[in-house]
Every structure is written in structure tokens, then in C-alpha cells.
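Student: Could we go through this protein together, one piece at a time? I would like to see how each conclusion is reached.

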Amino acid sequence: MGVSNKVIDWGLNGLSALGRLHPRARALMGEVELSRDLAYGPEGVHRLDIYRPKGVQGPLPTLFYVHGGGFRILSKESHWMFGAGFAAMGFAVFTINYRLAPTHPFPAALEDAALALKWLSENAERYGADLDRLVYAGESAGANLVSALTIAGCWQRPEPLAQGVWSLGLAPKVVLPACGMLQVSDGERYLKRNDLPEWVRGRIKVVCEGYLPNPSSRADDNALADPLCFLERADPPERPLPAMFALCGEGDPIREDSDRLGAALARFDQEKALSLYPGGHAFHAFFWRAAARRSWNDTQTFLEAHIT
């Protein structure tokens, strides 16, 4: 029997809480101010937090962050280090909760992310956030969701939620899909990977099937659940594709998706879109470690080059 979602969630939330005790974490949190649990929609889960650099006035560049957790676990609270880390770079960071699989499979999480993005489009100014300097970011499942939002904003598509994102007219300058789980329609592919422990292969398959339990035989029907596959075959977009910077651990069991994303983005003249670092999945959450610090520094350099 596999380890339950509750046990994994408990363990990872425990690590997140312990991380707050690290001296670097305490110093980081001292640099930012936090507004918690603003409602962006009608349900209890529709809540977001706002991180800002402490004592900084005036419009700030905006970063919309979507947490990971295999679409099934974790929250904006467990991913506090990303909100605080980007705020310390000078961003107004909006990090969201969303409905979780398998109780709420695709497209529930993406619908919630789109709803939060609509709220942001209507409320950014009142929180000192400049949407002309907008960034989408997320890791793991969150990387999937922000990549899907990017597709919905750059290609006109028939899905109602995609039409809603398109109608917002937002134009992010940068998208940061880290350690992404970017194709969920084929969880079986991981069962063939003899380089991964059996329990890891099985877990990834369960994650994929929980989010997209009934994938269509038509690839385009799965486009917003499989943003990687869409980008591998898409025609040029109707609106410019933002600069994308994907980072991933060299030992990440789902690194294949990031490798393929780097190749797919080269089709759109983004030749240096992927950077690899020592470590495993979501290695950069342990921001005090050397490889994580390097990835954060590289991310900041990329942002500074594209956010003006």
C-alpha cells in the first residue's frame, strides 16, 4: 500500500514549518510584509496571500505564484519561501490556494487559477502592483498551471476558461515554470522508467490520473492539462509568448518534462530557457543550500533582464 496523501502532506508541511526556523528564513521574513487570506472567489479555498518588500512604496512589479504538490496536496502556506523570496527581490507577490485533486480533478485547479488572475487584473492597483511588469511563476503542478495560463493568454482557444483568460488581455513579461509536471495525460510512461524506484513511478502515475482521470484521445482536448505537448507542436501564437525560464534539479524524477520544455521553447526562439542544478524535485525550496541559492540568483538575473 502506498503512502497516503495525508501522510505526505503532513510530512512536507512539517519540513516547511521547520524551514521557517532556519536563520536565513528568519532574515528573509524580516525583509517582507504579508497580508493573508484575501478572498478572490466565492469558495473557502479561494484565498490568496500578498507578500511585499517591507517599507517600499510605489507600484511594484507583480508576480503571480501558484504552488505545487502534485495537484493533490500543500498550499500557499507551505510555499511561503517563494512568496517571501520573490518579494525580497522587489515584487508584489500574489500566491494562491486552489481546489485539489482527486476530489476536484482538471480543470478545477486551472479554473481557480484563472479566477485568481481575473481578481488580480481588477485589484492589482489598489495593492501597489504594476501589471505592466507581470510575471507568472510556479513549481511542479504550479508550473503546469502557469504554463496553461500562458497558453490561454497567447493562443485563442475554445475552452471557456481559456476565453476568459484571453479576454483579460494580460501580457506577462516572464513565466517561471520550475520542476514542472507538464504532461499528465500519460502517467504510464513513468512505469517504464527502470531508473526510478517503483514507488516513485507509481506515485507519479497516481498524481497524473488524479488530476486528469479521463484523458482524451485527441491531444488538443488535453492542451490545457498538457501544456508541454501543446508547446511541442503549436503554431506561432496570436500574442507574443513571454520569456520563459525553467529550472530543474538534475536528479528530479520528472526532469524529462523540463528537458522537453527547453527543447519546445527553442521552437519559439527561446534558446536558453532551461537551467539545471544539482538536486531533486523542488530543490530550490531549500533556499539556504548552495544549488538553490545559485538558482535564485540566476532567476533574479533573468527577471532583471526582462522586467523593465
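What follows is a set of questions and answers about this predicted model.

Student: Happy to start with helix H9. How far apart are its end C-alpha atoms?
Tutor: Helix H9 covers residues 255–266, which is twelve residues. At 1.5 Å a residue, they should span 16 Å. The model agrees with that expectation, since the end C-alpha atoms are apart by 17 Å.

Student: Which arc around the axis do the buried residues of H9 cover?
Tutor: The buried residues here are Asp 257, Ser 258, Leu 261, Gly 262, Ala 264 and Leu 265. They are on the same side of H9, because around the axis they cover an arc of only 165°.

Student: Why would such spacing put residues on one side?
Tutor: Good thing to ask! Residues three or four places apart point the same way, because an α-helix has 3.6 residues a turn.

Student: And what covers the buried residues of H9?
Tutor: Both helix and strand elements take part. The cover includes helix H8 (227–233). It also includes the strands E6 (174–178), E7 (243–244), E8 (246–249) and E9 (274–277).

Student: Let me pick one residue there. Is Asp 257 buried or exposed?
Tutor: Asp 257 is found in helix H9. Buried means a relative accessible area under 20%. Asp 257 has a value of 0%, so Asp 257 is buried.

Student: How far is Asp 257 from Gln 183 in space, C-alpha to C-alpha?
Tutor: Leaving aside neighbours within four places in sequence, Asp 257 is in contact with Gly 180, Met 181, Leu 182, Gln 183, Arg 189, Tyr 190 and Leu 228. Gln 183 and Asp 257 are 74 residues apart in sequence, yet in space their C-alpha atoms are apart by 7.2 Å.

Student: Now helix H10. What arc do its buried residues cover?
Tutor: H10 runs over 290–306, and its 17 residues should span 24 Å, which agrees with end C-alpha atoms 25 Å apart. Its buried residues are Ala 291, Ala 292, Ser 295, Trp 296, Thr 299, Phe 302 and Leu 303. They lie on the same side of H10, because they cover an arc of only 135°.

Student: Which exposed residues does the face turned away from the buried side of H10 carry?
Tutor: The buried side has cover that includes H3, E5 (129–139), E6, E7, E8 and E9. The face turned away from that side carries exposed residues, namely Ala 290, Thr 301, Glu 304 and Ala 305.

Student: Is Phe 71 buried or exposed?
Tutor: Phe 71 lies in the loop between strand E3 (60–66) and helix H3 (80–88). Its phi is near 65°, a positive value in a residue other than glycine. With a relative accessible area of 1%, Phe 71 is buried.

Student: Which proline follows Phe 106 through a cis peptide bond?
Tutor: The loop between strand E4 (92–96) and helix H4 (108–123) holds Pro 102, whose peptide bond from Ala 101 is cis, with omega near 0°. The peptide bond from Phe 106 is also cis, with omega near 10°, and leads to Pro 107.

Student: Finally, what is the accessible area of the nonpolar patch with Leu 18?
Tutor: Leu 18 is found in helix H1 (residues 5–19) and counts as exposed at 55% relative accessibility. Leu 12, Leu 15, Leu 18 and Leu 21 form this surface patch, and their accessible area together is about 380 Å².

Notes
Residues numbered from 1 in each chain as written. Predicted model: local features only at pLDDT ≥ 70, side-chain atom pairs only at ≥ 80, totals over all residues. Heavy atoms only, no water. Helix = DSSP H or I, 4+ residues; strand = E, 2+ residues; numbered from the N terminus. Expected span 1.5 Å × (residues − 1). Buried < 20%, exposed > 50% of the residue type's maximum accessible area, 1.4 Å probe, protein only. Arc of directions from axis to C-beta. Contact = heavy atoms within 4.5 Å. Patch = residues over 30% accessible without salt bridge, like charges linked within 9 Å, V, L, I, M, F, W, Y side chains within 5 Å. Areas by Shrake-Rupley, 256 points an atom, 1.4 Å probe, with all protein chains shown as cover. Salt bridge = Lys/Arg side-chain N within 4 Å of Asp/Glu carboxyl O.
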